[in-house]
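Notebook open, model loaded. I wanted to look up two things today: charged pairs and the nonpolar core.

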Amino acid sequence: MIKELNINELDSVVGGQYVINGDTRQVAFRDAKKVFSLKNCSDYQAKELMESLIGKYNTEEEYDNACIAELQSRGWI
């Protein structure tokens, strides 16, 4: 499910262009402009996965798309 979030509701996460809101269990990608609900994982697991992909892509949009694809492949979004 994609839902727009108010930017004030988001908690920044160090590294990458994403934010995780632990209260609503949602992850937002700034450059891809998409928001997903997290499921079947902890906030920490999602953060750890996305941080493991930092520095492997030329643009933030490629990074966002890689994170989204990997989270989807694991059934986490």
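**Salt bridges, then the core**

I started with the charged pairs and found 3 salt bridges in the structure. I note that this is a predicted model.

Pair one: I looked up Asp 43 and Arg 25, whose side chains form a salt bridge at 2.5 Å, N to O. This one joins distant parts of the chain, since Asp 43 sits in helix α1 and Arg 25 in the loop between β2 and β3, 18 residues apart. I checked exposure too: Asp 43 is partly exposed at 24% relative accessible area, and Arg 25 is partly exposed at 27%.

Pair two: Lys 47 and Glu 51 form a salt bridge at 3.3 Å, N to O. Both are in helix α1, 4 residues apart, which is about one turn of the helix. Lys 47 counts as partly exposed at 28% relative accessibility, and Glu 51 is partly exposed with 31%.

Pair three: the side chains of Glu 70 and Arg 74 meet at 2.8 Å, N to O, in a salt bridge. I have Glu 70 down as partly exposed, 26%, and Arg 74 as partly exposed, 44%.

Next, the core. Which residues touch the most other members of the largest nonpolar core? My list reads Val 27, Phe 29, Met 50 and Leu 71, out of 18 residues. At least two core residues come from each of β2 (18-21), β3 (26-29), α1 (43-52) and α2 (60-73). I see α2 giving the most, with 4 residues.

Last, I pulled contacts for Phe 29, leaving aside neighbours within four places in sequence: they include Tyr 18, Phe 36, Met 50, Ile 68 and Leu 71. Polar or charged residues such as Gln 17, Lys 34 and Asp 64 are also among the contacts of Phe 29.

How values were computed. Residues are numbered from 1 along each chain as its sequence is written. This is a predicted model: local features need pLDDT of at least 70, side-chain atom pairs count only at pLDDT 80 or more; totals for chains, interfaces and linings use all residues. Side-chain values use heavy atoms; hydrogens and water are left out. A nonpolar core is a set of buried Ala, Val, Leu, Ile, Met, Phe, Trp, Tyr and Cys residues joined through side-chain atoms within 4.5 Å. Buried means under 20% relative accessible area, exposed over 50%, partly exposed in between (1.4 Å probe, protein chains only). Contact means heavy atoms within 4.5 Å. A salt bridge is a side-chain nitrogen of Lys or Arg within 4 Å of a carboxyl oxygen of Asp or Glu.
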